[in-house]
Amino acid sequence: MFRNMIIGQYIPRDSNIHQLDPRIKILSLFILLTGAFLVKNFLGYLVLTLFSITILFLSEIPLKLFFHSLKPILWLIIFTMIFHFFLTEGKEIARLGPLIMTQEGLIRGISMSWRLLLLIVFSSLLTLTTSPLGLTDGLESLLSPLKKLGLPVHELAMMITIALRFIPTLLEEAEKIMKAQTARGMDFSQGSIVRRIYALIPLLVPLFISAFRRADELATAMEARCYRGGIGRTRMKELKLVPMDGLALTLVFALTAVALWVNRYGNWSA
Amino acid sequence: MSISIENLTHFYSQDTPLEVTALEDITLEIQPGEFIGIIGQSGSGKSTLVQHFNGLLKPSQGKVYLEGQDITLKGVNLRLIRQRVGMIFQYPEQQLFEETIFADVAFGPRNIGLAEEDVKARVEQALELVGLNSQEIAQRSPFQLSGGQKRRVAMAGVLAMQPDYLILDEPTANLDPQGRDEILFLLDKLNQEEKVTIILVSHSMEEVARVAQRIFVIHQGKVITSGSLGQVFSQEEELETIGLALPQVTKLMNNLAKIGKKVKTDIFTPQQAAQEIISCIRGKKDV
């Protein structure tokens with residue numbers, strides 16, 4: 001049942017987007033998200049949307065897989081849209097029983113869900129094309145100035161890496177324990193809420209025990225390899241910027257600027 | 001009166017781009033009282049297959065019948081089916097969760113709604129069956145036990161439901177030779193004395209050869225051969241191409257036969273082999 005979750009899953013390919021430096025990709029995401037928040041007009045959204053579609057094609061990620069990963073968030077977007085349609089005050093354009101749809105609501109609903117969709121598309125483009133390890137390396141490198149303020153940046157990055165690494169493992173384990181208890185007559189999906197909460201004990205206790213055991217084993221394994229934190233630690237893969245990275249970042253800047261510039265034109269402002 | 005599988009196919013992540021065919025068009029039947037071995041390499045689909053026997057997984061296509069009843073239909077009482085078809089997963093000790101051994105073993109019987117007296121009787125019986133002294137340990141925490149003992153407590157938790165069919169997925173993984181012998185001995189006893197139908201999933205030919213009467217060999221989601229030990233082990237080359245080795249004694253006897261010794265080759269345990277070799281040597285002296 002947990003096998004179908006592919007939100008934020010990395011899909012290895014050999015595209016230009018995959019090869020970009022993770023730091024550049026994180027920065028780009030940051031810039032594009034800021035852009036998506038500042039843009040207030042459909043023309044601006046259109047520019048960002050076209051850009052995201054271009055990245056999607058360049059990334060060589062199978063379209064079917066990409067849309068599948070968006071599915072779980074579809075409901076959120078649909079609800080956002082509907083709530084805005086009916087709960088915004090303004091000029092009435094349609095009526096559905098006690099619900100009044102307004103022109104302002106229509107515009108705001110579409111623009112909010114469009115914005116939400118852009119945020120999700122850009123974020124998943126980052127996680128789909130960047131390995132979790134690359135992501136944390138990039139994050140560590142970007143945050144390293146904060147070391148001077150005493151923030152344990154390396155340790156934080158290591159914690160994130162480990163957490164990401166163990167999510168699938170724990171999901172698999174939860175599924176296995178659930179099956180074992182189901183085979184012993186446990187029913188996780190019936191009864192009152194109180195019963196269902198009690199039903200979680202046979203799942204959670206073994207899951208915690210195994211998580212602690214794994215943590216302990218991992219710590220021992222790391223110590224056996226002389227891990228002692230970030231000081232003086234070198235890397236097998238150094239992050240190195242190449243001209244392509246500069247080009248990508250310039251493009252992102254330029255297109256976000258265009259999106260903000262066209263903001264002033266057109267009268268569909270939302 | 002059996003477990004019967006008809007044209008079973010199972011896909012993982014069906015209708016997604018990650019779809020994998022785990023099992024393909026499997027048909028088989030298991031009679032009550034049999035001791036079945038299901039053998040295959042890791043990833044061959046053997047664990048997926050047995051999870052259909054008690055309705056933990058639903059087939060993507062095909063049917064599963066338990067004593068004539070189609071258990072893939074909606075509205076089937078799966079709890080009852082899981083009581084009748086017990087399942088012991090790999091590393092069952094990882095599912096222990098209660099404060100006392102008694103409570104953990106009683107978990108299954110309580111779930112199927114037995115009265116507290118019956119529960120108590122069944123827990124004691126199950127603990128004795130796996131060779132643990134219930135009076136001594138029933139009130140202790142399962143987490144204080146050794147690895148092998150934990151596994152036996154976990155097995156007792158399933159045996160306490162008194163299933164007619166018992167599926168075990170690699171029950172001897174990670175045990176020392178003695179622990180392994182004890183488990184195999186227990187399975188044999190359950191089959192012989194309690195008339196429990198046993199379905200043993202394993203990748204070890206050696207182990208299956210010691211206890212099973214009939215085997216199914218699974219490879220890449222298909223049953224590639226099945227039959228009695230003799231029938232399956234006579235196909236040495238086919239088995240080796242899919243990475244399964246014959247038990248060493250069987251191999252030894254095959255080799256002896258190849259160099260012209262007059263020995264039988266349908267031999268699967270060291271004891272049988274010893275007897276056969278002795279009678280072969282004696283036979284020569286007589287001539």
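**Helix packing and chain contacts, question by question**

Student: How do helix 7 and helix 9 of chain A lie, oblique or roughly parallel to each other?
Tutor: Helix 7 spans residues 153-183 and helix 9 residues 201-224 (helices are DSSP runs of H or I, at least four residues; strands are E, at least two). Their axes, fitted to C-alpha atoms over the stretch in contact, are 9 Å apart at about 140° on a scale from 0 to 180 degrees between N-to-C directions. Under 35 degrees is roughly parallel, over 145 roughly antiparallel, 65 to 115 roughly perpendicular and the rest oblique. The two helices are therefore oblique.

Student: Before we go on, at which pLDDT do side-chain atom pairs count?
Tutor: Residues are numbered from 1 along each chain as its sequence is written, while chains are lettered from A and ligands numbered from 1 in the order in which they are written. This is a predicted model, where totals for chains, interfaces and linings use all residues, local features need pLDDT of at least 70, and side-chain atom pairs count only at pLDDT 80 or more.

Student: How many nonpolar residues does the contact of helix 7 with helix 9 of chain A have?
Tutor: Helix 7 brings residues including A:Phe166, A:Leu170 and A:Ile177, and helix 9 answers with A:Leu203, A:Pro206 and A:Leu207 among them (contact: C-beta atoms, placed from the backbone, within 7 Å). Ala, Val, Leu, Ile, Met, Phe, Trp, Tyr, Cys and Pro count as nonpolar, Asp, Glu, Lys and Arg as charged, and the others, Gly among them, as polar. Besides 2 polar and 2 charged residues, the tally of nonpolar ones is 10.

Student: And helix 2 with helix 6 of chain A: what is their relative orientation?
Tutor: Their axes are 8 Å apart, at an angle of about 75°. A:Pro22, A:Arg23 and A:Ile26 of helix 2 meet residues of helix 6, including A:Leu135, A:Asp137 and A:Leu142. This contact divides into 5 nonpolar, 3 polar and 2 charged residues. The two helices are therefore roughly perpendicular.

Student: What is the radius of gyration of chain A?
Tutor: Chain A has 10 helices and 2 strands, and its C-alpha trace spans about 65 × 60 × 40 Å along the principal axes. For 270 residues the globule rule (2.2 Å times the number of residues to the power 0.38, with the radius taken over C-alpha atoms) gives 18 Å. Chain A is well over that, so it is more spread out than a compact globule, at 23 Å.

Student: How does chain B fare by that rule; what is its radius of gyration?
Tutor: Chain B comes to 12 helices and 10 strands, in a box of roughly 70 × 50 × 35 Å. With 287 residues, a compact globule would be near 19 Å, which agrees with the value for chain B, 21 Å.

Student: What share of the residues of chain B is buried?
Tutor: Buried means 20 or more other C-beta atoms within 10 Å of the residue's own, exposed 12 or fewer, and partly exposed in between. In chain A, 25% of the 270 residues are buried. Of the 287 residues in chain B, the share is 40%.

Student: Which helices of chain B each supply at least two residues of the side touching chain A?
Tutor: Here 23 residues of chain B are in contact with 22 residues of chain A. The chain B side has 12 nonpolar, 9 polar and 2 charged residues. The helices are helix 2 (78-84), helix 3 (101-111) and helix 6 (147-159).

Terms used
Two residues are in contact if their C-beta atoms, placed from the backbone, lie within 7 Å.
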